[in-house]
Amino acid sequence: METVSPSLLPEPVMANLTIEIDLPEGVTITGYHRLPDAHGVEVAWLWPETGCCPRCKTVAPARMESHLEVGKTRVVRDLDILGQPAFFCYQAVFHRCPKCHHRHDLLPPFKRKDTSYTDRFEKQVLQLLIGSSEAEVARRLGISADTVRFIVKNQLADSQAFRVDPKRVITDIGMDEISLKKRHKLYVTIMTDLSDPRHPRVLAVVPGRDEKAAEACLQLLTSEQREAVLRYRVDLGAAYNKACRLLLKNAQAAVDRFHVAKLFGEAVDGVRKKNHAELQEEAVEGGAEGVPFADVGVSPRSVEPDGGGTREVGSALRAVAGAAEVV
Ligand SMILES: [Zn+2]
């Protein structure tokens, strides 16, 4: 009869979780913290070699100051992980001007100034608005309707300078209206690239919902790009159809209503399913480089309130901050 000494018994099985996260270019993960209703992802990015002083405009080699010693950490909302809010956490970094000694906050490559969410979170808000109301999108993401509106306005402001990569091959175009109805009405036209249905992508955001708005979107494409478009899907009938007929000579109208909304919904849900499929016994919680979350020093004091999504998902954020303090 074979006996097994207790020490040879198998160790209790530890379940580990692998999550694949797409990162904006130049951004690396330095740590991860799992929380009851949220995910905290510590990120770092390559600092620029030079800094330009916003006050005196002096361009000088970067002289960075970080707040490691006082633990000033920024927390910004990113795309959901496993259907729960995820936050990028990073150390505040400053550039000190050698001439006038003015110090300014270094903006990470994944967000705009004075917001508490990433650029791609903004894009996701736009996508989800196709076929949904601002209230529905706000509920789905756990942010306020005002924040949804603020994001759309920021995206619209960007669209002035917006260019579509002239080398991008686009065979399928979507054109949709979104309308924000709270207080003053705001109508916006969104043009999307539906060439790869698994990766629908917002190409342009333009104010208005008429033929002119649709034309303004299509004019962002080169004439070669417009000639290469084979199908367009529009949700508003006459106005968008007319612009597409006029400017997309080789394209046919596809008549499936809500198609674009469905694609974007699937893209979001697809990401979730993919993540669920990866709940396997692999990898580890904690930083790949072994940087404990506590070292990032998230404290409730340093979570700066602003118009972004942080306040609305306050419980999750407090959890991030709280866990960091306890560890
Ligand atoms: Zn200066």
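**Exercise 1. Contacts along the chain**

What percentage of the contacts in the protein with a separation of 6 or more do residues 24 or more positions apart account for?

Solution. The model is a predicted one. Take the contacts with a separation of 6 or more; residues 24 or more positions apart account for 64% of them. As background for the later exercises, the protein has 8 helices and 14 strands. Of its 327 residues, 34% count as buried.

**Exercise 2. The pair of helices 2 and 3**

Determine how the axes of helix 2 and helix 3 are oriented, and list the residues that make the contact.

Solution.
Step 1. Helix 2 covers residues 134-141 and helix 3 covers residues 145-159. Their axes come within 8 Å and cross at roughly 105 degrees.
Step 2. Angles from 65 to 115 degrees count as roughly perpendicular. Helix 2 and helix 3 are therefore roughly perpendicular to each other.
Step 3. On the side of helix 2, the contact is made by Glu 134, Ala 135, Val 137 and Ala 138. Helix 3 contributes Ala 145, Val 148 and Arg 149.
Step 4. Sorted by type, the residues of this contact comprise 5 nonpolar and 2 charged, with no polar ones.

**Exercise 3. The largest nonpolar core**

Where does the largest nonpolar core lie with respect to domain 1 and domain 2?

Solution.
Step 1. The largest nonpolar core has 57 residues. Phe 87, Phe 88, Val 125, Met 175, Ala 214, Cys 217 and Cys 244 are those with the most contacts inside it.
Step 2. Domain 1 consists of 13-119 + 275-326, and domain 2 of 121-271. Both give residues to the core, so the core lies between them.

**Exercise 4. Val 125 and Ile 151**

Decide whether Ile 151 is buried or exposed, and describe its relation to Val 125.

Solution.
Step 1. Ile 151 is placed in helix 3.
Step 2. A residue is buried if 20 or more other C-beta atoms lie within 10 Å of its own. Ile 151 has 27 C-beta neighbours inside 10 Å and therefore counts as buried.
Step 3. Outside its neighbours within four places in sequence, Ile 151 is in contact with Glu 122 and Val 125. Ile 151 and Val 125 are 26 residues apart along the chain, and their C-alpha atoms are separated by 7.6 Å.
Step 4. Seen from Val 125, with residues up to four places away in sequence not counted, the residues touched are Val 137, Leu 141, Val 148 and Ile 151.

**Exercise 5. Three loop residues**

Locate Leu 82, His 101 and Arg 63, and classify the exposure of each.

Solution.
Step 1. Most residues other than glycine have a negative phi. Leu 82, however, has a positive phi near 50 degrees. His 101, also not a glycine, has a positive phi of about 65 degrees.
Step 2. Leu 82 sits in the loop between strand 6 (73-81) and strand 7 (84-91). With 15 other C-beta atoms within 10 Å, Leu 82 is partly exposed.
Step 3. The loop between strand 8 (93-96) and strand 9 (103-105) holds His 101. Its count is 10 other C-beta atoms within 10 Å, so His 101 is exposed.
Step 4. Arg 63 belongs to the loop between strand 4 (59-61) and strand 5 (64-66). Having 13 other C-beta atoms within 10 Å, Arg 63 is partly exposed.
Step 5. Beyond residues up to four places away in sequence, Arg 63 touches His 95, Arg 96 and Pro 98. From Arg 63 to His 95 the C-alpha distance is 5.4 Å, with their positions 32 residues apart in sequence as the separation.

Technical notes: Residues numbered from 1 in each chain as written. Predicted model: local features only at pLDDT ≥ 70, side-chain atom pairs only at ≥ 80, totals over all residues. Axes fitted to C-alpha atoms, helices over the stretch in contact; angles between N-to-C directions. Helix = DSSP H or I, 4+ residues; strand = E, 2+ residues; numbered from the N terminus. Parallel < 35°, antiparallel > 145°, perpendicular 65-115°, else oblique. Contact = placed C-beta atoms within 7 Å. Nonpolar A, V, L, I, M, F, W, Y, C, P; charged D, E, K, R; others polar. Core = buried A, V, L, I, M, F, W, Y, C linked by C-beta atoms within 7 Å. Buried ≥ 20, exposed ≤ 12 C-beta atoms within 10 Å, placed from the backbone. Domains from an automatic or database assignment.
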